[in-house]
Amino acid sequence: MALKPLKTEDSTYTFFDDEYSEAMHSLSGAYREALYMHVLPSRVLEKEGTVCVLDVGLGLGYNVLALLYEARKRNDNAFYHIVSFEKNPAIPCTMETIMFHDDRDELYKLIIRAAIEKEVTTAWYNHVVLYGDARKLIASMPEDYFDAVFHDPFSPAKNPELWTVDFFKKIYHVCRDDGIVTTYSAAFHIRAAMHQAGFRVGIGPQVGRKKEGTIATRKNADVVPLGDDYFTALKTMAKAIPFTDELLCDDPELIRQRRHEAMHDFKKDHQALE
Ligand SMILES: C[S@@+](CC[C@H](N)C(=O)[O-])C[C@H]1O[C@@H](n2cnc3c(N)ncnc32)[C@H](O)[C@@H]1O
């Protein structure tokens, strides 16, 4: 899986992944995206005590870095317990090539160490990195546990297995009632998938050149849900039909194909009614 470096507009580097033909971050600012799309909207920096965060797709570890760097700047009293899922075991080699040339480097070295040694514990955080398919790894997570989930795979078209109703149901079960899921996609079928998984789904921030993101929760009152009208309208749109993967093990191609067929059937049924 070849990864090629690309400098983004906030001077931090992302990498282009040949397997997915996609960069890991927005070219308008990789670190900026981590901070403004995930860390701040998750509201975990406002919490006290033990704060648990699930990081779906460690990638370069920027979401974890932005969380820890901001927490340290605020000098808060929380203890962060972070679990990252990552499929690509070669990711630490790529991380080792990255430097920020500022005081983020010290923390980033600890994140690289967690990616290599699979766990790092300090006085104020514990970071566990689990390698494998997130669909399998999530089964070993406790229910009602996470205060935030940074949901950050590649795009739905390229990485559909992590954008299905069934995977979002798993995320729903490991979240606390006031937990917040952050993600960068605002696609109708992604919001429909989160809604069908049981989440209250709201509008996330707009960062760089990306369209607004999406945030979701079981019960956190700070997430203003999109109204019933929004989801009623989605029921009339073929493009709002979500990916499914009931057994959480199907090939990406099969998941795409199943959605494609469901959209085709939906259009046929709707034409027959007109
Ligand atoms: C967009 S990058 C994540 C960027 C990252 N969050 C960061 O802060 O730098 C997506 C990551 O998800 C990983 N990934 C893709 N499919 C996966 C799967 N099924 N299970 C676990 N990780 C997966 C990829 O290997 C890649 O590292």
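**Strands, a helix and a ligand shell**

Colleague: Do strand β2 (residues 13–17) and β3 run parallel or antiparallel?

Modeller: Two bridges join β2 to β3, and two strands count as paired if DSSP finds at least two bridges between them. This is a predicted model, in which local features need pLDDT of at least 70, side-chain atom pairs count only at pLDDT 80 or more, and totals for chains, interfaces and linings use all residues. Numbering starts from 1 along each chain as its sequence is written. Strands (E, at least two residues) and helices (H or I, at least four) are DSSP runs numbered from the N terminus, and β2 and β3 run antiparallel.

Colleague: Thanks! Which strands form the edges of that open sheet?

Modeller: The sheet has three strands in the order β1-β2-β3, with antiparallel pairing. An edge strand pairs on one side only, which is the case for β1 (3–7) and β3 (22–23).

Colleague: Is K7, in strand β1, buried or exposed?

Modeller: The classes rest on how many other C-beta atoms, placed from the backbone, lie within 10 Å of a residue's own: 20 or more is buried, 12 or fewer exposed, and in between partly exposed. K7 has 11 such neighbours, so this residue counts as exposed.

Colleague: Which residue in the loop between β2 and β3 has a positive phi although it is not a glycine?

Modeller: The loop between β1 and β2 has a case too, S11, with a positive phi of about 75 degrees. S11 is partly exposed, with 13 other C-beta atoms within 10 Å. In the loop between β2 and β3, the phi of about 50 degrees belongs to a residue that counts as exposed because it has 10 C-beta neighbours inside 10 Å. That residue is S21.

Colleague: On to helix α4 (residues 104–117): how far apart are its end C-alpha atoms?

Modeller: The expected span is 1.5 Å times one less than the number of residues. For the 14 residues of α4 this gives 20 Å, which agrees with the distance between its end C-alpha atoms, 20 Å.

Colleague: Within what arc do the buried residues of α4 fall?

Modeller: The buried residues in α4 are L107, Y108, I111, I112, A114 and A115. Seen down the axis, they line one face of the helix, because the directions from the axis to their C-beta atoms fall within an arc of 155 degrees.

Colleague: Which elements do those buried residues pack against?

Modeller: On the other side of α4, D105, E106 and E117 are exposed. With contact taken as C-beta atoms, placed from the backbone, within 7 Å, the buried residues pack against α2, α3 (91–95), β6 (119–121) and β7 (125–131).

Colleague: And β8 (residues 146–151): which residue of β9 is the bridge partner of V149?

Modeller: Six of the six residues of β8 are buried. β8 pairs in the parallel sense over four bridges with β4 (residues 50–56), where V56 stands opposite H151. It also pairs in the parallel sense over four bridges with β9 (residues 175–183). There, the partner of V149 is V181.

Colleague: Lastly, which residues come nearest to the ligand?

Modeller: A residue is near the ligand if its C-beta atom, placed from the backbone, lies within 6 Å of it. α2 (62–74) and β5 (79–86) each supply at least two residues of the shell. Of the 21 residues around the ligand, those that come nearest are G57, G59, Y62, K87 and A134.

Terms used: Contact = placed C-beta atoms within 7 Å.
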